[in-house]
Structure formats: structure tokens, C-alpha cells
Amino acid sequence: MCGVLGLIYASDDRVLENDSAEILKEGLRNLRFRGPDGSGISRNELSNFKVCLAHSRLSVVDISELGSQPMSYGNFEITYNGEIYNFLELRSELKNLGYVFNGTSDTEVIIKSWDAWGMDCVNRFNGMFAFALLDKISQRLWLVRDRFGVKPLFYGVVGQNKLMFSSSASFIGEFLNSKVNLRYCSRAIRYKVFETEACESPFEEVRSVKPGSVVQIDLNSQSLCFTENIWYDLSAAVEFKKKELENKSASSIQEECLSLFTSAVKMRLRTDVPLAVSLSGGLDSSSIAAITTNDIEGLAGFSFGHPDNITTEGPTVDRFAKSKAIRANYIWPSYDEIEINEMVNQVLAAQEAPFGGLSVMAQHQVYKAVADSGFKVLLGGQGGDEIFAGYRKFFIVAIREALVEKNVNNSIDFFFSLVRLLLAEIGFMGTYVTALKRYTSPDYKNNLLNLESESFNLWGTREGGVSGRQMEDIKKFSIPTLLRFEDRNSMGNGVESRLPFMDYRLVEFGLAISANVKIKSGYGKWILRDIMKGRVPDFIRLERKKRGFDVTKNWINEGVGNSLRDIIFSKREVLEEYLIPGIDLERSLSNKAMESNRLVLDEALMLAWLANPYLRN
């Protein structure tokens with residue numbers, strides 16, 4: 001897990017030739033938090049262009065110098081961020097083809113896989129990855145991103161013969177003197193959809209390599225020539241999986257689910273450094289922890305909460321951890337105002353983009369505690385709700401799908417499942433009503449920001465059904481945003497986050513199985529609950545209430561409010577263009593306003609980012 005950086009410019013560009021060393025040095029300094037264990041730079045002179053590749057390393061697999069980057073093999077050179085979890089199997093295949101390995105890193109497996117199978121090798125990779133690979137003979141460079149965009153990769157172009165790519169959008173944005181992307185900001189505030197499958201970023205001139213895509217850059221002529229190809233099609237993969245499952249019995253589908261889930265977890269235990277798990281007190285993280293305890297004795301877990309505070313998930317985590325002999329670590333910090341201010345600025349810098357809610361700050365503090373405890377890898381439960389229909393909205397979509405199909409039995413079953421869920425969660429109704437505004441308020445108005453968003457249909461199309469709506473969450477409405485929060489918070493603390501539920505085999509399986517396998521008896525994620533029987537205690541496995549990432553600390557009054565106001569008022573003139581004309585900012589940004597209306601807090605966080613969009617660690 002690392003930071004990648006590259007600079008391409010014309011061979012006769014004397015200005016960049018003179019400045020390139022300082023640019024790369026500064027770029028690596030800004031990526032240091034992603035890779036604190038080492039760095040490297042290579043320079044390649046082609047016919048018309050000079051290509052500089054740089055890398056900031058977090059050593060996780062093969063921590064020796066043999067895993068250092070940029071790495072070369074024959075006419076290829078690579079700078080890479082991520083993990084290929086099935087690298088041992090691929091390494092064995094390559095050895096059978098006659099390849100010899102110097103070290104044990106997955107980086108060496110990638111570059112030799114490309115040599116053996118060409119660009120098609122990416123279809124063999126099970127993992128999260130973003131890399132740039134240069135072929136010095138054909139004089140082409142490829143920017144490649146994993147299936148779901150777990151790892152970031154951005155690029156910006158100047159004219160026809162200058163390009164920078166990086167793990168950091170803000171570094172490229174500052175290099176290009178790019179304007180803020182207000183379309184991105186307005187959508188984020190209106191729908192809480194910060195990232196999508198599109199090639200955009202928080203900056204107008206900075207593009208993102210799309211998930212499951214490759215951007216080929218031809219360097220043979222005087223101008224850079226770009227070709228973009230989609231190498232992974234989730235829709236096609238799910239349709240193929242549906243056909244494969246068509247005639248399978250319920251028991252064999254359960255067996256396959258357990259087999260895939262176990263494999264996804266166990267592959268992510270391959271590391272040469274200490275590993276721990278995230279514990280939220282929910283089904284997803286508990287399922288991962290339960291499988292992991294079979295392989296790691298004395299497993300450590302990390303949870304945001306306190307074991308004696310019933311308003312947090314701590315008591316549930318404590319009970320579960322004791323049942324599995326997991327060493328639980330609890331993050332429930334008390335800060336003074338100086339420490340709160342430091343936290344706010346650290347998270348703004350780590351995210352390098354706007355974010356919403358205090359839960360992102362809490363997540364950052366969990367990763368900080370993980371790093372402070374000496375762990376470099378943390379397994380998390382991100383993706384479980386999306387692939388197994390755990391969110392409440394999927395119940396409504398399931399009812400709609402059954403009605404469209406005129407399936408009376410399913411309509412009744414899904415309706416009563418929704419009723420049972422809502423009765424179990426009646427104490428959370430206020431939160432749900434607020435969240436529902438994203439879906440049902442066509443006349444939505446911001447409180448502070450003078451931004452208007454395009455319209456999104458968050459319910460999805462009637463034709464798509466539950467599987468189609470899940471796919472939209474994975475590609476657009478949910479997963480891209482959550483992955484960005486996770487990646488920036490984990491890497492901002494030099495920790496690699498591994499997500500078993502984002503294993504592409506499990507994602508395809510979860511979307512391919514029918515809705516009544518996922519939603520049943522008032523539960524979402526029913527198949528996961530079923531296969532975890534006897535593995536996860538029933539007080540978690542059969543709990544209907546969904547807490548989410550609880551942040552019940554009074555952070556706004558303890559200092560977050562003051563920190564945000566200090567940032568915003570210090571840049572009031574800069575921010576004026578984004579504000580509703582005539583807004584009483586002092587009254588609108590009071591602690592009371594931020595506490596009583598989460599939307600005001602989200603807008604305040606957006607303003608804090610707009611005050612300094614190039615802020616980085």
C-alpha cells in the first residue's frame with residue numbers, strides 16, 4: 001500500500017526539465033503519509049518524452065529492498081499502490097511458465113504477469129490496485145485501476161505534451177492551478193454522494209481513472225495520445241453469475257457463499273506485518289473477525305466506543321470480543337479544544353476532499369489508534385450492506401420489484417419484513433426521516449451554500465430491481481464515497497485497509513442471488529446471517545437494529561464548532577462566492593445550528609474544505 005506519482009513532459013521542455021526534480025520531491029513529500037517506509041524515483045528518456053515515475057512505500061508484503069519501487073523488469077517499469085491478494089497463486093503460474101523471482105512481493109508478480117499475459121493479466125488479479133506501467137520499447141504507459149476503485153489514481157494534462165498522475169488529486173490540482181469542481185461539491189451536499197464511477201475529482205482539471213478501467217497513453221508522437229478502455233463490466237459479470245446459479249439448490253448457494261466469504265477473508269490475511277480487525281458490533285465486522293480468529297491467535301480488534309458506555313457499540317463489542325478471545329482496543333477519546341482543532345485539520349488534510357459528518361473524523365481516530373498500536377493492516381467490513389442488501393431502502397426496492405413482477409407472495413413477505421424492521425428500529429425514526437430527504441425532496445435547499453445540484457434518482461429504476469439498485473450503490477451512490485473516506489483515513493495514518501466484502505467474486509455472487517435470499521423475516525443480509533450461525537453470536541447475528549458508525553461524543557460543543565468557524569471566518573472573503581447572498585453566517589454556524597441539523601454541519605465541513613482545497617498532510 002503506497003503512493004504513486006508520475007510526470008511526463010516533452011524531451012525539449014527545458015522548464016520542466018529544470019523543475020522536475022523539485023516537483024517530484026515535493027510530490028513524494030506529500031505522499032509520505034501513504035508510504036512512510038521508503039521512496040524512489042526513476043527517469044526514462046524516450047524518443048519524444050521524458051517519463052518520471054515515483055513511489056512512496058508502505059511495506060506490507062516483502063518488506064525487504066527487493067519490494068522497492070519503481071520496479072523494472074525487461075522493458076517494463078511500474079509504480080504501484082495496492083495489494084494483489086492472490087499473488088501466491090499467480091506467482092506459481094508464472095513459475096510454471098519459466099519466470100524466476102528475486103523477491104516475494106506482489107509488485108514483482110504484477111510486472112511479470114504483464115510480461116506474460118499483456119493487459120489481460122488484470123482480469124486475473126484479485127485485489128485492490130492502482131498502478132502506472134511503462135513499456136519503454138512500445139513507448140506506451142498505462143494507468144490502471146481496480147474493479148471498484150478501492151485505490152485512487154488521478155491525472156491532469158497540460159496542453160498536448162505534459163501530464164502528471166498521482167494518488168493525490170489535490171497535488172495535481174495545485175500543480176495545474178485548477179479550480180474547484182462545483183458540480184462535485186453541489187452533488188455531495190445535496191445527496192451525500194461525494195464520489196461516483198465517473199472520471200471526475202474535486203478539481204475541474206483533474207481526472208480520475210474510472211474503476212475497472214485503463215487509460216493508455218501513447219508516447220510515440222509529439223503529442224500525448226489517450227485511449228480509455230473498460231476492462232471490468234460488473235453488469236455482465238453479474239448476469240453470467242446469475243446463469244451459473246440458476247439451477248443450484250438453496251443449500252448449495254449457502255455453501256458457495258460461505259466458501260467465497262471464507263476465501264475472501266483468508267486471502268486478506270497474507271501479510272508480513274502485524275494485522276488487526278475492525279469491530280463495530282455489527283454483523284459484517286463480526287463475521288470477518290469470527291473467520292479470522294481461526295487463523296490468528298490473540299487477534300486484536302479496534303472499536304470506536306467504550307465497553308461501559310451503553311450509548312456506544314462498546315458493550316456489544318466487549319461481549320463479542322470476550323466470546324472469541326479477541327483483544328479489543330476501544331477508542332473513546334476526551335479532547336481539549338487544542339486537540340479537537342488538531343483533529344479537524346488532520347482529517348481535512350488526510351481526506352484531500354470535502355466530507356460529511358463526524359463519523360469520518362471518528363474513523364480517522366480509529367486508524368490513528370491502529371497505527372499507534374503498531375499495526376499496519378486492518379480488516380474492515382465495508383461493502384457488506386451493499387452486496388447483501390443490508391440497508392433499509394433495499395426492503396422498499398424489493399417490494400417494488402415484487403409488485404412489478406406481480407409476485408404476490410414476495411410482495412407480502414417483503415412488506416412484513418419492512419414492518420418488522422421498522423418496529424425494531426422505531427427509536428431511530430428521526431434519523432431516518434432526515435436521511436430520507438435525500439430521496440424524496442425535489443425542492444431541497446441548502447442552508448448556507450449557494451450551490452444547485454443536478455437531480456439524482458436514488459431509488460433506482462423500477463426495472464432494475466434489488467440487484468440493479470445494489471449495483472448502483474456499488475458503482476455510484478455509496479461504495480465510491482465510502483471507499484474514499486476509508487482509503488484517505490487509513491493511508492493518512494500509514495495503515496492498509498483490507499475489505500473482504502469487496503472481493504469481486506463475493507460482490508458478483510451477492511448481486512446475482514435473488515432478493516428473497518437476502519431479505520427475509522425482517523432482516524437484510526439474511527444469507528450472511530444464515531451462514532454465520534454458530535460462528536457469530538445470536539445477539540449480533542439476529543440483531544435487526546442498524547447503528548451505523550456511532551459518534552455520540554459532544555465534539556461540536558467541545559471544539560469542532562469553534563474550529564470550523566475559525567477556518568471559515570478566516571477565509572470569509574474567499575468563501576463569499578459560495579455562500580447564499582445575505583446569509584447571516586454567524587447565526588447559521590452556531591453550535592446549536594450544527595447540532596440540531598446535520599445538514600448544516602455538512603455544509604460547514606464543505607466550507608472548511610473550500611477555504612483551503614489544497615490542504616494536505
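**Group meeting: strands, rings and a helix**

Alanine 276 has leucine 378, in β16, standing opposite it. I'm starting there, everyone, with one pair of residues in a predicted model, and we'll work outwards.

Alanine 276 belongs to a pairing of two strands: β13, residues 275-278, and β16, residues 377-379, run in the parallel sense and share three bridges. As a quick reminder, strands of a sheet pair through backbone hydrogen bonds, and they do this either parallel or antiparallel. Now zoom out a little. In what order do the five strands of this open sheet come? Reading across, the order is β15-β14-β13-β16-β17, with parallel pairing. The edges are taken by β15 and β17, the latter covering residues 496-498, and each has a single partner strand, so one side of each is left without a neighbour in the sheet. On average, neighbouring strands here are turned by 30 degrees against each other, if you ignore direction.

Let's move to another strand, β6, residues 127-135. How many of its nine residues are buried? The count is nine of nine, so to speak a strand that is mostly covered. Gly127, Phe129, Phe131, Leu133 and Asp135 point one way, while Met128, Ala130, Ala132 and Leu134 point the other way, and all are buried. On the pairing side, β5, residues 76-84, runs antiparallel to β6 and is joined to it by nine bridges. One example from β6 is methionine 128, the bridge partner of glutamate 83. Strand β7, residues 140-145, is also antiparallel to β6, with six bridges between them, and there phenylalanine 131 stands opposite valine 144. The hairpin of β6 and β7 has four residues between the strands, and in it glutamine 139 takes a positive phi near 55 degrees.

Phenylalanine 131 brings me to the rings. Together with Phe129, it is part of one aromatic cluster, whose other members are Tyr80, Trp114, Phe125, Trp142, Phe148, Trp231 and Tyr232. Across the structure there are 21 aromatic pairs. Take phenylalanine 304 and tryptophan 332: their ring centres are 5.4 Å apart and their planes stand at 65 degrees, which is over the 60 degrees needed, so this pair is edge-to-face. This pair links distant parts of the chain, 28 residues apart, with phenylalanine 304 in strand β14 and tryptophan 332 in the loop between β15 and α10. Phenylalanine 304 counts as buried at 2% relative accessibility, and tryptophan 332 is buried too, at 19%. For contrast, tyrosine 391 and phenylalanine 394 have ring centres 6.1 Å apart and planes at 25 degrees, so they are stacked. Both of these residues are buried.

Some rings also have a charge for company. The charged end of lysine 112 sits over the ring of phenylalanine 101, 4.7 Å from the centre of that ring. Likewise, arginine 124 has its charged end over the ring of tryptophan 117, 3.7 Å from the centre.

Two last stops. Asparagine 48 lies in the loop between β2 and β3, and at 16% relative accessibility it counts as buried. Its side chain makes a polar contact of 3.0 Å with the side chain of glutamine 222.

And finally, helix α16, residues 465-477. How far apart are its end C-alpha atoms? They are only 16 Å apart, short of the 18 Å that a straight helix of 13 residues would reach. Its buried residues include Val466, Arg469, Asp473 and Phe477. Thanks, everyone!

Key
Residues numbered from 1 in each chain as written. Predicted model: local features only at pLDDT ≥ 70, side-chain atom pairs only at ≥ 80, totals over all residues. Heavy atoms only, no water. Phe/Tyr/Trp six-rings, centres within 6.5 Å; stacked < 30°, edge-to-face > 60°. Buried < 20%, exposed > 50% of the residue type's maximum accessible area, 1.4 Å probe, protein only. Lys NZ or Arg CZ within 6 Å of the ring centre and 35° of its normal. Pairing = 2+ DSSP bridges. Axes fitted to C-alpha atoms, helices over the stretch in contact; angles between N-to-C directions. Expected span 1.5 Å × (residues − 1). Polar contact = N/O pair within 3.5 Å; in protein donor to acceptor, adjacent residues only side chain to side chain.
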